[in-house]
Amino acid sequence: MRIVFKTNYMQDIRPWKDGYQLGLYLALLAVVAAAPWWLDDFYLGELTNVLIWAIAGLGLMVLTGHTGQVSLGHAAFLAFGCYANVILLEAGVPFLIAFPLAGILTGIAGVTVAIPALRLHGIYLAIFTMALSILMDDVIVLAEPLTGGVGGKFIGGVDIFGLTIDRWGTPVQFFWLVLGVTVLVTLGYINLLRAPLGRSFIAVRDSEVSAQAMGVDIARTKMISFALSCAVTGWAGALMGMFSGAFNNETFSVVISIQLLMMIVIGGLGSIHGAFLGAIVIGFLPQFLSISKEYVGALFGGNTVAIPGLEFGIFGMILIAFILFEPMGMYGRWLKIRTWFELFPFYRKDMFKRQKSYLKTERLR
Amino acid sequence: MSLLEFQNVTLKFGGLTAVNDLSFAVEEGEVFAIVGPNGAGKSTVFNLISRFYDPFAGSIRFDGHDLLQVKPSGVAAYGVARTFQNIELFEHATVLQNLLVGRHRHRKTNLLSEVLFLPSARRQEVENREKVEEIIDFLDLQAYRDKMISGLPYGVRKVVEVARALATDPKLLLLDEPASGLSVEETTDMRWWIDDIRRQMGITVLMVEHDMGLVSGVSDRVLAMADGAMLALGTPAQVQSHPAVVEAYLGKAS
């Protein structure tokens, strides 16, 4: 086990524990950034998809994982960001302005939605946001002059200082764009978590009563959380639109919302790692299934018929397994494995067992 | 002028009068205890100060400000910190993070400077940590510094809650049953700490407590309540021997 002796405050404030940990993450970043050299175009596209889902996951993680507000409606904000980006680009706004603006507009939309949602808790908030996701479908159809309605919209390449970035034409450049956004969002998230605002999110999640007594304005904090969450989700939506090239009212259905929420639960709520781990599962599961289907088909000599709903079925089973056996998600499991090795042979089975909560102060409202 | 003043405060829940025409004042620098049987309205007094409830009538003033004009999250800004009867810590955060939330009222940075972690945010974090480390030192919490609350024993959680309240740098500290559920040694520790909080830090303490040993050990004045109304107010010895208090606890001699 590595023990870090802290001799000044900055050692505690900086996001990495020691040089070793920083080195590991930089090495990981280098390996991923070099992906175009060790992956073919198909898998590079898949990796890009995973990163986009990870950004969306980070967006939802702020709200659900750290502020404790369940949202089943984030597909609506993916759609908002996607359409905002395209509409701005079509209006002739350069990408470097249109893209950030798309996220900011989505954030503003998020706050507008948050105001009536502030008083809702738990399941009621989930239902409210789910309704939002369903409504978005109709809104896109009704706003046809702006959104193209059922016919949808198309997006080609974009220009950044004369460099064309196109999902199909220049997949490598598009990958680096997505990677860049992922890194920026992740760094911002890390900074947030070590600053007062991030801690006030956690405070609101764990105990609203005492957060209030510490001077945290609950309504304001939730609103900022909604804004940040929706802005990041909007960026993910914009990238998703560029990734698929074409989209209409059905692209961002409520199923995407549910998938997004399942993703961060599987990955591990309340951790940045969780968003990435969940995105890897979501992104690679279809590929994994089709490969294993071929393999199993070949093994038994049968033909490889498509089984309808197989993907969602397997996905659902994975989710159930996680909620039953590892509510802390993949990241929680990883922490346990790591602790086992670090403390070997002193790991105790109940080390991560949550103590039964003591009686909570009666909710005051 | 007193630090905290209750004037004819009445609070009703439907037909139940939780606090009935209560008036008292807490002077700066004293340890003031509220005692009384269950349901006497002691915790309700705390929740009134925290602005979780709006009183039916009367006024509550703190340090020259009308508390009733403040929203619940604004009370901390005046320098009132509290603990809860049933421990309301942020369970899935470390002890250090919990204490740092206590520093929230001193936040000067905004969203942008925090997301970019500008030098101002960095400086503020260092300042917060200096203060928090002092408190960790004061309450002997070094061993638990980076531990998650969800894995801590009950006794330690009680101390962490006091620490978090102290981290806000309060003028008035409200302790809701600081010794409930603590062992004899832990209660003794708590007694010295309350004494030190008043003497070294100069913080006024208002506490609700059932343990009469602790109450008579540290408090300067005691308010006895029953059914939302004041029974007696005075030194611990005066209140303990007051006939109305004896009657409320033991019943009338026949």
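This is a conversation about two strand regions of chain B in a predicted model.

Trainee: Let's start with S8 of chain B: is it mostly covered or mostly open?
Mentor: Strand S8, residues 204-208 of chain B, is mostly covered, with five of its five residues buried. Both faces are covered, since one side carries B:Thr204, B:Leu206 and B:Val208 and the other B:Val205 and B:Met207, all of them buried.

Trainee: And which strand does S8(B) pair with over five bridges?
Mentor: That is strand S7, residues 172-176 of chain B, which pairs with S8(B) in the parallel sense, and there B:Asp176 has B:Val208 as its bridge partner. Between S7(B) and S8(B) the chain passes through helix H6, residues 184-199 of chain B, in a β-α-β crossover that is right-handed.

Trainee: How many bridges join S3 to S8(B)?
Mentor: Four bridges join strand S3, residues 31-35 of chain B, to S8(B), and the two run parallel; B:Val31, for instance, is partnered with B:Val205.

Trainee: Changing topic, what is the strand order in the open sheet of four strands?
Mentor: The order is S2-S1-S4-S5 in chain B, and the pairing is antiparallel. Strand S2 (16-26) and strand S5 (65-66) of chain B each have a single partner strand, so they stand at the edges with one side lacking a neighbour in the sheet.

Trainee: What packs on that sheet?
Mentor: Helix H1, residues 42-49 of chain B, touches S1, S2 and S4 of chain B, and its direction makes about 70° with that of S2(B).

Trainee: Which residue in S4(B) stands opposite B:Gln7?
Mentor: It is B:Ser59, and strand S1 (residues 4-13) is joined to strand S4 (residues 57-62) of chain B by five bridges, running antiparallel.

Definitions and conventions: Residues numbered from 1 in each chain as written. Chains lettered and ligands numbered in written order. Predicted model: local features only at pLDDT ≥ 70, side-chain atom pairs only at ≥ 80, totals over all residues. Buried ≥ 20, exposed ≤ 12 C-beta atoms within 10 Å, placed from the backbone. Pairing = 2+ DSSP bridges. Right-handed = clockwise from strand over helix to strand, strands pointing away. Contact = placed C-beta atoms within 7 Å. Axes fitted to C-alpha atoms, helices over the stretch in contact; angles between N-to-C directions.
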